[in-house]
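Here is a friendly walk through one structure, from a loop to its charged pairs and then to a pocket. Please keep the sequence and the 3D view open as you read.

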Amino acid sequence: MTPARPLSHMELALAEARAAGHRGEVPVGAVLVAPDGAVIAAAGNATRRENDPTAHAEIIVIRAGAAKLGAERLAGCDLYVTLEPCAMCAAAISFARIRRLYYGACDPKGGGVEHGGRFFSQPTCHHVPEVYGGIAEDEAARLLKDFFSARR
């Protein structure tokens, strides 16, 4: 059973994804949520703006959350992201001890959760969050499809 309130937080992640797309970034958004449901951090991809290949939305909110909470581990926190995280982001999610991961669209090419390297399935993975995919999947996928169609 999916815990309550995933859609409202995913709607915020989608808004961050749209804003990233308007800036010319790949439209991916993420929201980090405290155990009480309060939003700790929200961001969209910023790899181009920051000239940083690690500036994925997930990494940005994990860094902001750790800074805000003054802790390297975000136990009890949940992460909402519009696209299945890549292997780099999946590793950061595990290292941060995120409680639950909610994501929208699957990423058959670059995903690292249910596709590709499947980071959480590796025996070297020390923490595996609860994973819920397909949250607002159609809208998340449409943002990405429209973004890349406009660039071809």
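## A glutamine in a loop

Let's start with Gln122, which sits in the loop that runs between β4 (100-105) and β5 (130-132). Do keep in mind that this is a predicted model. The side chain of Gln122 has a polar atom 3.4 Å from the backbone oxygen of Arg118.

Is Gln122 buried or exposed? Neither label fits, because its relative accessible area is 37%, and buried means under 20% while exposed means over 50%. Gln122 is therefore partly exposed.

## Salt bridges

How many salt bridges does the count come to? The answer is five. One of them pairs the side chains of Arg49 and Glu50, with N and O 3.3 Å apart. Glu50 has a relative accessible area of 46%, so this residue is partly exposed.

Another salt bridge brings together the side chains of Asp78 and Arg100, at an N to O distance of 3.4 Å. This pair ties together distant parts of the chain: Asp78 belongs to strand β3 (residues 78-83) and Arg100 to strand β4, with their positions 22 residues apart. Both Asp78 and Arg100 are buried.

## Arg100 and its network

Arg100 also has a salt bridge to Glu130, where the closest N and O atoms lie 3.3 Å apart. Here too, distant parts of the chain are linked, since Arg100 is in strand β4 and Glu130 in strand β5, 30 residues apart.

How do the two partners compare in accessibility? Arg100 counts as buried because its relative accessibility is 15%, under the 20% cut-off. Glu130, with a relative accessible area of 35%, is partly exposed. Through salt bridges that share partners, Asp78, Arg99, Arg100 and Glu130 become one network.

## The largest pocket

Now for some empty space. Rolling a probe the size of a water molecule over the atoms reveals where such space remains. The largest pocket has a volume of about 280 Å³. Its lining is made up of 13 residues, and those closest to the centre are Leu83, Asp107, Lys109, Leu144 and Phe148.

Which element gives the most to this lining? That is helix α5 (residues 137-150), which supplies four residues. Sorted by class, the lining of the largest pocket holds eight nonpolar residues, four charged ones and one polar one.

Definitions and conventions: Residues are numbered from 1 along each chain as its sequence is written. This is a predicted model: local features need pLDDT of at least 70, side-chain atom pairs count only at pLDDT 80 or more; totals for chains, interfaces and linings use all residues. Side-chain values use heavy atoms; hydrogens and water are left out. On a 1 Å grid over the protein atoms alone, a cavity is a set of points where a 1.4 Å probe fits but cannot get out, and a pocket is an open set with protein on both sides within 12 Å along at least five of seven lines; lining residues have an atom within 4 Å of a point. Grid points are joined across faces, edges and corners, and a volume is the space filled by probe spheres set on the points. Helices (H or I, at least four residues) and strands (E, at least two) are DSSP runs, numbered from the N terminus. Ala, Val, Leu, Ile, Met, Phe, Trp, Tyr, Cys and Pro count as nonpolar, Asp, Glu, Lys and Arg as charged, and the others, Gly among them, as polar. Buried means under 20% relative accessible area, exposed over 50%, partly exposed in between (1.4 Å probe, protein chains only). A polar contact is a pair of N or O atoms within 3.5 Å; within protein, one must be able to donate a hydrogen and the other to accept it, and residues adjacent in sequence count only if both atoms are side-chain atoms. A salt bridge is a side-chain nitrogen of Lys or Arg within 4 Å of a carboxyl oxygen of Asp or Glu.
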